[in-house]
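Trainee: Please choose a part of this model that deserves a close look and take me through it slowly, strand by strand where that helps. I would then like to hear how the rest of the chain is laid out around your account of it.

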Amino acid sequence: MERYDIAIVGSGPAGLEAAINGKIRNKNVVIFGNKDFSAKLVKAPLINNYLGFYDITGVELKAKFEQHINYLGITIVNERINSIYAMGEYFTLMVNEKMYEAKTVILATGVEYTKPIAGEEEFLGRGVGYCATCDAPLYRGKTVAIVSYNKHFEEEANFVSELAEKLYYIPIYEEEYKLREGIEIIKDKPLKIEGEDRVTKLVLSKQETPTDGVFILKDSVPPAQLVPGLEIENGHIKVDREMNTNIAGCFAAGDCTGKPYQYIKSAGEGLVAALSAVSYLDNKQH
Ligand code: FAD
């Protein structure tokens, strides 16, 4: 299996800037994210505080970023990383059943504004999960609820419905649904996950559904779940000025390390993280 020098998780300004600098320093770089780069980029109505690019919409700034990465031959791998394990000399990055390897990792995952559902953290691993396709076999013949924040998770729901006896799909978005027959769509707000040893119920604002499991599918995974052992401080990944996390070879940049939440701060930290990863790799060689 190919072992990358630097794996970057997240395709916002932090991740893109890290990729650019890793590439300029001749490292073998892979970047995971999505084709729109970042919802927080394409949704910005007007940007005036990014040096050199002013009076510009998010879509226009995205186009500039795209030209830049294309110029350097960087392509984004359209995958959501579910978990990252430090193996000593390298890291493994898991995308459902697929695996990637890299000598260093830069976390540039942004921040999730949506708060966890009550009971989400309490029942994590006891009926609550973030990767429906990974855990679907555990729910063969059972009832599952999927709380989905993005249309592209419909594919995952369709797969789970092949194994589960009953599937409730709770979309937190307004778009046309492309779901298999038999999947029950509930347009309601999830409030609480309940149970005893394991999950037994999802409470919504207008109804309750008995369920054996709840999958919460967002574009990002909470950092502490993404990288076991990662130190978090006040809700953000703890880093020093070189963007080192508490795990050797693992760096972080952008909104995920703390406020202010701004493009240029994210991009600046992406640069620092990439240069730190390069030094780390070079020191390992000597
Ligand atoms: P993000 O841009 O959030 O990018 C993170 C990316 O990583 C996302 O695409 C996410 O899907 C992906 N990702 C997360 N987890 C994973 C995973 N496990 N696997 C793969 N990919 C993953 N800032 C300004 O400076 N000026 C402005 O004018 C401005 N206007 C804004 C307007 C709006 C409407 C919003 C919402 C924000 C605005 N911001 C503005 C803030 C700015 O958008 C953020 O600070 C910036 O996007 C953060 O960049 P980032 O790279 O750290 O993270």
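**A small sheet, and what else is there**

Mentor: The part to begin with is an open sheet of three strands, in which β11, β12 and β13 follow one another in that order with antiparallel pairing. Everything here comes from a predicted model, in which local features need pLDDT of at least 70 and side-chain atom pairs count only at pLDDT 80 or more, while totals for chains, interfaces and linings use all residues. Residues are numbered from 1 along each chain as its sequence is written, and side-chain values use heavy atoms, with hydrogens and water left out.

The edges of this sheet are β11 (190–195) and β13 (208–210), each of which pairs on one side only; pairing here requires at least two DSSP bridges between the strands. Direction ignored, neighbouring strands of the sheet are turned by 20° against each other on average. Five bridges join β11 to β12 (residues 199–204) in the antiparallel sense, and among the residues concerned, isoleucine 193 has leucine 202 in β12 as its bridge partner.

A second open sheet, this one with parallel pairing, has five strands in the order β7-β14-β8-β9-β10. Its edge strands are β7 (128–129) and β10 (184–185), and each of these pairs on one side only. Within the sheet, β8 (residues 143–148) and β14 (residues 213–217) are paired in the parallel sense over five bridges, with phenylalanine 215 in β14 as the bridge partner of isoleucine 146. Helix α5 (residues 154–163) lies across β8, β9 (166–171) and β14, and runs at about 165° to β9, where the angle is taken from 0 to 180 degrees between N-to-C directions of lines fitted to C-alpha atoms, for helices over the stretch in contact.

Another group of elements involves β1 (3–9) and α1 (13–24). β1 forms six bridges with β6 in the parallel sense, and also pairs in the parallel sense with β2, over four bridges. Alanine 7 takes part in both pairings, standing opposite valine 105 in β6 and opposite valine 30 in β2. Six of the seven residues of β1 are buried, meaning under 20% relative accessible area, with exposed over 50% and partly exposed in between (1.4 Å probe, protein chains only).

Helix α1 has twelve residues and reaches 16 Å from its first C-alpha to its last, close to the 16 Å expected (1.5 Å times one less than its number of residues). It is mostly covered, since nine of those twelve residues are buried, among them Pro13, Leu16, Ile20 and Gly22. The buried residues of α1 pack against a varied set of elements, including β1, β2 (29–32), α3 (58–71) and α7 (263–285), contact being heavy atoms within 4.5 Å. Just after α1, asparagine 26 takes a positive phi of about 65°.

Taken as a whole, the protein has seven helices and 17 strands, which are DSSP runs numbered from the N terminus (helices H or I, at least four residues; strands E, at least two). Buried residues make up 50% of its 286 residues. Of the contacts between residues at least 6 apart in sequence, 55% join residues at least 24 apart, and the C-alpha atoms fill a box of roughly 55 × 45 × 35 Å along the principal axes.
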